[in-house]
Amino acid sequence: MKNGLCIFGEVLFDHFPDGSRVLGGAPFNVAWHLQAFGCSPLFVSRVGDDPQGREIRDTMRHWGMNTAGLQKDSAHPTGEVRVSLQDGQPSFDIQADRAYDYIDAGALPPLTPSLVYQGTLALRQPQSRAALDQMLQQQPAPVFMDVNLRPPWWTREQVVEQLDRARWVKINDAELELLVEGGAELQSKAKTLLQRHRLELVILTQGEAGAFAFDNQGKVAQTRPTEKIPVVDTVGAGDAFASVCILGLLENWALPKIMSRAQQFASLLVGRRGATINDPEAYRPLLAQWQDE
């Protein structure tokens, strides 16, 4: 399955208050990590015909990523987000009408995906939604859906439609509260989401409180950070978690192992600035440890 992994969605620059900027976008972050973990994903997105777009393409090539799915748009600029931080928690000003909103179904490379990752932000405009729809219709594949509800860029109707075709879903506690209303506890709401959309697995992240997961066979797994990690920022922590969950699904890890390893990598990431790690050496000790366990 590793050779057929397709990651669909946005790539953009996160701009921080101190003037720094970091490549981001949940799908890009997931693809970046999976490349470092040896999965060689095909990342499908769109960037502007501008210096930022060229920088993204060059950076992907330097990291060894396949750029065949990265489209170029002469009419719309590369994605951009203004990030502000308060007590380590991010808020996002996501710029509208960007290249990743216009992923072209007619420009998709030949692909036969064995697993498709999708977020939700890149589907805010009809053209990118249509591109993903066409890809999944022509080449049906199980979908790992990473819920990223960024106001005002989502509607319940669209998210429900996407949940109905997903097999595995990662969601955080605040997003779950929005999608499953009522006074029930989070674990009960996660089970409701699983049953309502006939999912195989729901993974619920809760920040410092860790994460838990339910599958459709009744298995439950829970994880918490094993030590107090100095938090630089939490941008991309959920994406780091998702990338290891996907790796675990590809490698057939047991559910408790998926969760503990995903938490381990997410805890590593929050001690750094930005959503990606530009050092392959940071991944190798984890891979070596996981292979030995």
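## A tour from helix H1 to the pockets

Select glycine 38 to begin: this residue follows H1 and has a positive phi, near 90°. The model is a predicted one, and every stop below refers to that prediction.

**Helix H1.** Step back from glycine 38 and select residues 26–36, which form helix H1. The helix is mostly covered, with 11 of its 11 residues buried. Colour by residue type and the buried set shows Ala26, Pro27, Phe28, Asn29, Val30, Ala31, Trp32, His33, Leu34, Gln35 and Ala36.

**Whole chain.** Zoom out to the protein chain. It has 9 helices and 13 strands. Along the principal axes, the C-alpha atoms fill a box of roughly 50 × 40 × 35 Å. The radius of gyration is 18 Å, which agrees with the value near 19 Å that a compact globule of 293 residues would have. Buried residues account for 56% of the 293 in the chain. Among contacts with a separation of 6 or more, 68% are between residues 24 or more positions apart.

**Largest nonpolar core.** In soluble globular proteins, nonpolar side chains tend to be buried together. Here the largest nonpolar core has 53 residues, and Phe43, Phe144, Ile246 and Tyr283 are the ones that touch the most other members. Select residues 237–251 next: this is helix H7, which gives the most to this core, with 9 residues. A second, separate core has 36 residues, including Val116, Met135, Val159 and Ala166.

Now centre on phenylalanine 144. Which residues is phenylalanine 144 in contact with, leaving aside its neighbours within four places in sequence? They are Leu115, Val116, Tyr117, Gln118, Trp168, Lys170, Ile203, Ala242, Cys245, Ile246 and Leu249. Two names on that list have come up already: Ile246 among the residues of the largest core that touch the most other members, and Val116 in the second core.

**Cis peptide and cavity.** Select proline 151 and proline 152. The peptide bond joining them is cis, with omega about 0°. Proline 152 sits in the loop that runs between strand E9 (143–146) and helix H4 (156–165).

Next, show internal voids. The structure holds 1 cavity of 30 Å³ or more, and the space in the largest cavity is about 40 Å³. Which residues line the largest cavity? Select Thr120, Leu123, Arg124, Trp153, Trp154, Thr155, Gln158, Val159 and Gln162. By class this lining divides into 4 nonpolar, 4 polar and 1 charged. Val159, one of the lining residues, also belongs to the second core.

**Leucine 178.** Trp154 from the cavity lining leads to the next selection, leucine 178, which touches Trp154 along with Leu149 and Arg156, not counting residues up to four places away in sequence. Leucine 178 is in helix H5 (residues 173–179). Is leucine 178 buried or partly exposed? It counts as partly exposed because its relative accessibility is 40%. Draw a C-alpha to C-alpha distance from leucine 178 to leucine 193: the two are 15 residues apart in sequence and 11 Å apart in space.

**Second largest pocket.** Switch to a pocket surface. The second largest pocket holds about 230 Å³ of space. It is lined by 14 residues, with Glu200, Asp215, Leu249, Trp253 and Ile258 lying nearest its centre. H7 and H8 are the elements that give two or more residues to this lining. By class, the lining has 7 nonpolar, 4 polar and 3 charged residues. Leu249 was also listed above as a contact of phenylalanine 144.

**Glutamine 263.** Helix H8 covers residues 255–269, and glutamine 263 is found in it. At 8% relative accessibility, glutamine 263 counts as buried, because the cut-off for that class is under 20%. Apart from residues up to four places away in sequence, glutamine 263 touches Gly210, Ala211, Thr223, Arg224, Pro225 and Phe241.

**Two positive phi values.** Finish with backbone torsions. Aspartate 97 is not a glycine, yet its phi is positive, about 55°. It is in the loop between strand E7 (89–94) and strand E8 (115–118), and a relative accessible area of 36% makes aspartate 97 partly exposed.

Arginine 198 is likewise a residue other than glycine with a positive phi, near 55°. Its loop lies between helix H6 (186–196) and strand E11 (201–205). Arginine 198 counts as exposed, at 77% relative accessibility.

Conventions. Residues numbered from 1 in each chain as written. Predicted model: local features only at pLDDT ≥ 70, side-chain atom pairs only at ≥ 80, totals over all residues. Heavy atoms only, no water. Helix = DSSP H or I, 4+ residues; strand = E, 2+ residues; numbered from the N terminus. Buried < 20%, exposed > 50% of the residue type's maximum accessible area, 1.4 Å probe, protein only. Contact = heavy atoms within 4.5 Å. Core = buried A, V, L, I, M, F, W, Y, C linked by side-chain atoms within 4.5 Å. 1 Å grid on protein atoms, 1.4 Å probe; cavity = no way out; pocket = protein on both sides within 12 Å on 5 of 7 lines; lining within 4 Å. Points joined across faces, edges and corners; volume = space filled by probe spheres on them. Nonpolar A, V, L, I, M, F, W, Y, C, P; charged D, E, K, R; others polar. Rg over C-alpha atoms; globule rule 2.2 N^0.38 Å.
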